[in-house]
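Visitor: I am new to protein structures and would like to understand how the words people use for them are justified. Could you show me one and take me through it?

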4 protein chains.
Amino acid sequence: MEFKKIKIAVAGLGRIGKIHLDNLLQNDNVEVVAVSDPLEISRTKAMEKGIHITFVSYYEMLEATNIDAIVICSPTDTHADYVEYAAKKGLHIFCEKPLDLTLQRVKEVLHIVKMQDVKLMLGFNRRFDKEFKKVKELIQKNAIGDIHLVKTTSRDPGAPPIDYIKRSGGLFLDMAIHDFDMARFIVGSEVREVYATGAAMTNPEIGKVGDIDTAITILTFYNGVKAVIDNSREASYGYDQRLEVFGSKGMIQANNNFQDAHQLFDANGTHSSLPLHFFLERYEKAYKNEMLNFIECMASGMEMPVTGVDGLKSLQIGLAAKKSISEGRPVAIGEIDE
Amino acid sequence: MEFKKIKIAVAGLGRIGKIHLDNLLQNDNVEVVAVSDPLEISRTKAMEKGIHITFVSYYEMLEATNIDAIVICSPTDTHADYVEYAAKKGLHIFCEKPLDLTLQRVKEVLHIVKMQDVKLMLGFNRRFDKEFKKVKELIQKNAIGDIHLVKTTSRDPGAPPIDYIKRSGGLFLDMAIHDFDMARFIVGSEVREVYATGAAMTNPEIGKVGDIDTAITILTFYNGVKAVIDNSREASYGYDQRLEVFGSKGMIQANNNFQDAHQLFDANGTHSSLPLHFFLERYEKAYKNEMLNFIECMASGMEMPVTGVDGLKSLQIGLAAKKSISEGRPVAIGEIDE
Amino acid sequence: MEFKKIKIAVAGLGRIGKIHLDNLLQNDNVEVVAVSDPLEISRTKAMEKGIHITFVSYYEMLEATNIDAIVICSPTDTHADYVEYAAKKGLHIFCEKPLDLTLQRVKEVLHIVKMQDVKLMLGFNRRFDKEFKKVKELIQKNAIGDIHLVKTTSRDPGAPPIDYIKRSGGLFLDMAIHDFDMARFIVGSEVREVYATGAAMTNPEIGKVGDIDTAITILTFYNGVKAVIDNSREASYGYDQRLEVFGSKGMIQANNNFQDAHQLFDANGTHSSLPLHFFLERYEKAYKNEMLNFIECMASGMEMPVTGVDGLKSLQIGLAAKKSISEGRPVAIGEIDE
Amino acid sequence: MEFKKIKIAVAGLGRIGKIHLDNLLQNDNVEVVAVSDPLEISRTKAMEKGIHITFVSYYEMLEATNIDAIVICSPTDTHADYVEYAAKKGLHIFCEKPLDLTLQRVKEVLHIVKMQDVKLMLGFNRRFDKEFKKVKELIQKNAIGDIHLVKTTSRDPGAPPIDYIKRSGGLFLDMAIHDFDMARFIVGSEVREVYATGAAMTNPEIGKVGDIDTAITILTFYNGVKAVIDNSREASYGYDQRLEVFGSKGMIQANNNFQDAHQLFDANGTHSSLPLHFFLERYEKAYKNEMLNFIECMASGMEMPVTGVDGLKSLQIGLAAKKSISEGRPVAIGEIDE
């Protein structure tokens, strides 16, 4: 069999970067040509995996190597610049979300990507989780008729450091944004209005930097469907990721995933395992599927399953949620995107 | 053993009245002296059960019999008058909710009940369901620490007739009011603000009479806790009654109840039973416990577990929800109860 | 409506007798004419429920009252004589299992019942449990094709007193006999061979009186189906009653029933309720259904759903199991019933 | 970091061989030096994964390469010879089960392995499954007290080809042997007696070649514990792998694993996914853990978690089960291993 492997470089080898790198290395249709990371330890680890060309600088890597595509896993504040640079070099791009925290910069970058005619996939990993994919499939098969209500629960096992929260845009932009994307993915329509409420209940420090740790958000879509999202930064029992879709003919639930399926019965009750601890465990296979999708779309020329526009829309919802909570009223998306 | 049975009459032998009557008949500490109902067939059925004194008129029954307590299961628009009359005769009263659809009349009646120093229990049957009681107990044992979020889901298998909806006060007053009471019961604080949204999604006729069939309500309590309630008039899969309480140390779920616990595995998947069809099946034991509580509180002189004030508070929340939906903004309880 | 109530007397008001009495009292088509019990306290309790005619002696009751049917819940060693006497008086009979611990006496009594042309129903209550009925229904609808294997698990929360064990015939005759009947009910064929093994593992006293507390029994039916039954006298977590049927097209499980459906998630794991504690809780509704069936079969003239022959067959299996365990080999039913 | 990778070769690149190869390639502490397989397509696939040295012949590979260990995944009838050859070359060995179908040859090979002082790990993959590991851990923590009964259910989604069955030793040696090992693993004692029964129920062809497709086996251990195992070659709903351990203080169940955790509720019932289809899906992570254990034991010098003796013991049980079924009686292990 004669075939040409897709040549890819990876920028940023933090938690997510390492996962994407390992998944790329297992793909027989891909050649990982180079990686870049400012930390020596990360570059050394990559060399042990057989990547012989490593860079400190992203830009030098793009200049010095001959690649087809770039996988960007560097810090959020580099995303827009890196994507812009890669697009201008004609590379296909996978970039972790978000592209940027401002609508204007996101729009600028998406314009450049469009002009350069390269493919851009954004890392909304949950769309590739088997639970949520199954829900989407069942809806497409009309298993529950018309959608009336979407509910997602998303709880982290613990809050990120306060420093991260200061830079991340807060709960709505670094965490609930996944739920906003999921709701859009499930409903297949765009959001018209957002109402959000919440508080800092687990840690007063979070409140001091102007963020919340517990939130409820109601999305109203143009097609009339409503979605309710509840988020918490701190679930004592681990990562909690659930989706429920209620329709005219039935209901589908994507239940949380657990460490194992055992049950222990003793004189005190029935006991079973905790949920998978956090996103690395829960979405291990989703990350693998996500990268497979990126590669297949490049190989086939098909459209990417998550685009820059998906990132833009979720950002708008997040900004509307922030405005809603500060003004204590429902906010139309149109107010954000004037 | 020498003891005096409590003498009780039952007013109204519709669906709920028959249940309460049967539960009273099984109680060895109770003597059901008489029943009243305008329908002959209902009175005949009662006679077959051994009740020899029956009346067409509630008022005649109260005049003609010597009883300790009255159980009122007649139509909603009779409740306030019947309770007032019974209170003035010095009877203890069990009355199905709601007392009335107007705050003013409810307050009047509660004032009379207080003045007459009789006991009044209101029929919020769900508080006596084993699932919800278990959640309450676990919270009282501090199993989940401080409450951050309460979620209830309440879906009926089908909407009531349009005529009923016209008179009932609509979804918030005839259906969601149970969830409002449940949220208060669980949180143990009073509601400060209500935000509600919804639509008529299952049946346009419901919209034509000014009601909705699908709703989301967010309650904010004085202690900072939030509750989210979702309701639907029409779940194709049957009655859906769930509660989730998320706290600083854990989460409790009261799951829906099913017809049986079988599982069938075949080439198409894994299949199990539908939920119990509706409230008569789901709350069969709750009704029994409720009536037991009423009888025990009379016998012991203890305070009733659900009082007229509970009815008043839930009515306020329901009225605030209606105002919120019509004005598209959060409504403070203070606005309702000026 | 003009109709004639069925006149019934109840013999024996122990644990089971009280349950049957209460269920009969709730049935509008039945008149409980009298009860008999040697204990005064039991008779007094019955009078408080409105039964005005009570007897110390079973035989006097049958002589003195005019009844259609008798419900026998007295100790096992009275069953055969009481059934014989009632049959000779032309009464229909409900009798708790077993009729007797010897094949010969059972056969004698069944012969008399047949000659007198009265109906006899035996109290294999599990056939009326909603879980097991559902399994039977699904099999009848061919949901799993041909049956290949039946598995039942039956564990009590604690062993009965040693004195009871001495008289009861032991684990196979007082406990596993329910599973033997269940296997026959499900398979719809008769047992050809029995292999049993077991030991006294929870309490050496049980071993000293020649019984076991932990057993595995394999039944081979004439139609080739196999059933495996595991029993224990002492499950620390409560009553465990499960059934699994594996067939050519699928599998059905009747799962154990729990006190409630809550789930508590905390830092230590996921926790839920214990099973219902014992047979009174688990089979509360089964007892009600059982009595309803008895009454309906009398009213309609249909055949009883559990007959004396069912008791005979299960006794044979139990005796074969005892022989198998003492001889360490499979035993044919033919060896028992020579 | 300076470290020496373990040099490994893989013999046989069928279904299991490919899995082990992929797992070895992901391990940064291992260098896969060479592979052998008679099929060119298998060798080409390996080259695409970056293995540049491939052989048709196992023996040539062992002569021509400098390796520390061999992973043997070739057909069963080569196992004994391959292990013997590798042992004599001083290599550590991972070999898929069984070593051989005769006790004598297994003993010979184990003797050679012992004399050569190399490590041998046998591929009982289920010991590395998270469900069964959890059960073992809980038992070791005394969560259920003394074990009274072990139950395993093991059903394949479909029978292997008749040709395979002819050579494999039949159901007890190619399939139930995993359950025999699991029971030994859980109980921590050796089997004293075996009783087995079964039939060819799904396919008469299986009966014609002298095998069965449905079996029940009871194991009695020296410590008094009993285990019951039920097997079927053909479960219409997919792979079914369950374990239940009942003890003096509680019960643990290792439940089957499903394709996903969704639930669909519609007017017909509640529906969820099928089990994972077969062993490749179910034991994907178990195979990964198994290979990790092999590598870690070589690196650390610790004893292998599954040894040749484990294979020998399970083979004895399998042979006893065959003898039991043909003679219709319990068979002592001592009769097999005279």
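Visitor: How many salt bridges does the structure hold over all chains?

Guide: Welcome! This is a predicted model, and over all chains 124 salt bridges are found in it.

Visitor: What makes the pair Lys49(A) and Asp22(A) a salt bridge?

Guide: The cut-off is 4 Å between a side-chain nitrogen of Lys or Arg and a carboxyl oxygen of Asp or Glu. The closest N and O atoms of Lys49(A) and Asp22(A) are 3.1 Å apart, so the pair meets the rule. Lys49(A) sits in the loop between helix H2 (40–48) and E3 of chain A, while Asp22(A) belongs to helix H1 (residues 15–25). With their positions 27 residues apart, the pair links distant parts of the chain.

Visitor: Which strands make up the open sheet of chain A, and in what order?

Guide: There are 6 strands, in the order E3-E2-E1-E4-E5-E6, with parallel pairing. The twist from one strand to the next averages 20°.

Visitor: Why are E3 and E6 of chain A said to stand at the edges?

Guide: Strand E3 (53–55) and strand E6 (120–122) each have a single partner strand, so one side of each is left without a neighbour in the sheet.

Visitor: How do you know that E2(A) and E3(A) pair?

Guide: Pairing calls for at least two bridges. Strand E2 (residues 30–36) of chain A has 3 bridges with E3(A), in the parallel sense, so the two strands count as paired. Within this pairing, Ala34(A) stands opposite Ile53(A).

Visitor: What shows that chain B and chain D are related by a two-fold axis?

Guide: A turn of 180° with a shift of 0.0 Å along the axis lays chain B on chain D, with an RMSD of 0.0 Å. That is the relation of a two-fold axis. In chain B, His271(B) has the C-alpha nearest the axis, 2.2 Å from it. The same surface serves both copies, as 100% of the contact residues of chain B recur in chain D.

Visitor: What is buried between chain B and chain D, and which residues of chain B lose the most area?

Guide: About 1000 Å² is buried between these chains, 57% of it on carbon and sulfur atoms. Phe265(B), Thr270(B) and Leu274(B) lose the most area to chain D, together 41% of what the side of chain B buries. The contact itself involves 13 residues of chain B and 13 residues of chain D.

Visitor: How many salt bridges and polar contacts cross from chain B to chain D?

Guide: The rule finds 0 salt bridges, but there are 5 residue pairs in polar contact.

Visitor: And what joins chain B to chain A?

Guide: Here about 2700 Å² is buried, with carbon and sulfur atoms giving 64%. His148(B), Met201(B) and Phe246(B) lose the most area on the side of chain B, together 20% of what that side buries. Each chain brings 36 residues to the contact.

Visitor: How do you know that Asp230(A) and Lys151(B) form a salt bridge?

Guide: Their closest N and O atoms are 2.7 Å apart. The limit is 4 Å, so this pair qualifies too. Across the interface of chain B and chain A the rule finds 6 salt bridges, along with 14 residue pairs in polar contact. The largest share of the side of chain B that touches chain A, 5 residues, comes from E7(B).

Methods: Residues numbered from 1 in each chain as written. Chains lettered and ligands numbered in written order. Predicted model: local features only at pLDDT ≥ 70, side-chain atom pairs only at ≥ 80, totals over all residues. Heavy atoms only, no water. Helix = DSSP H or I, 4+ residues; strand = E, 2+ residues; numbered from the N terminus. Axes fitted to C-alpha atoms, helices over the stretch in contact; angles between N-to-C directions. Least-squares fit on C-alpha atoms with pLDDT ≥ 70 in both. Contact = heavy atoms within 4.5 Å. Buried area = accessible area lost by both parts, 1.4 Å probe. Polar contact = N/O pair within 3.5 Å; in protein donor to acceptor, adjacent residues only side chain to side chain.
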